[in-house]
Amino acid sequence: MEQWRSIIEQQQVSDLTITDYCQQHALSKTSFYAARSKLNESSGSFVRAKVAKHVDVTEQLLSITLEVGKVNVSLLPTTPASYLGQLLRELA
């Protein structure tokens with residue numbers, strides 16, 4: 001199983017799809033998926049993530065105006081998570 005762990009890790013860093021990797025290395029896709037499944041079960045089902053493309057985001061904060069009953073509330077929070085907190089404070 002340690003050999004499969006190495007194969008799976010090599011595929012993950014290769015930038016190849018599983019299909020392409022298996023074809024290039026004469027591996028059975030069925031065996032690859034079965035080994036990966038067994039390894040995931042034994043390791044708590046964690047999957048290694050890889051950043052495929054880094055994108056710089058320039059975020060423009062937009063004001064949200066809500067009409068709640070007869071009250072108009074304009075929100076311009078600093079983070080998306082703060083919208084709810086600001087709304088609750090405005091409505092209190």
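In which helix do Arg5 and Glu2 both lie, and how many residues apart? The legends below take up this pair and its surroundings. The model is predicted, with local features requiring pLDDT of at least 70 and side-chain atom pairs pLDDT 80 or more, while totals for chains, interfaces and linings use all residues. Residues are numbered from 1 along each chain as its sequence is written, and side-chain values use heavy atoms, without hydrogens and water.

**View 1. The salt bridge of Arg5 and Glu2.** Both residues belong to helix α1, 3 residues apart, about one turn of the helix; helices are DSSP runs of H or I with at least four residues, numbered from the N terminus. Their side chains meet at 3.4 Å, N to O, in the 1 salt bridge of the structure (a Lys or Arg side-chain nitrogen within 4 Å of an Asp or Glu carboxyl oxygen). Arg5 is partly exposed at 30% relative accessibility, whereas Glu2 is exposed at 56% (buried is under 20%, exposed over 50%, partly exposed in between; 1.4 Å probe, protein chains only).

**View 2. Packing of α1 against α3.** The axes of α1 (residues 2–13) and α3 (residues 29–42) come within 10 Å and cross at roughly 105 degrees (lines fitted to C-alpha atoms over the stretch in contact, with angles from 0 to 180 degrees between N-to-C directions). The two helices are therefore roughly perpendicular (65 to 115 degrees). Trp4, Arg5, Ile7, Ile8 and Gln11 in α1 meet Ser31, Phe32, Ala35, Arg36 and Leu39 in α3 (heavy atoms within 4.5 Å).

**View 3. Surroundings of Leu39.** Leaving aside residues up to four places away in sequence, Leu39 touches Met1, Trp4, Arg5 and Ile8.

Definitions and conventions. Angles under 35 degrees count as roughly parallel, over 145 as roughly antiparallel, 65 to 115 as roughly perpendicular and the rest as oblique.
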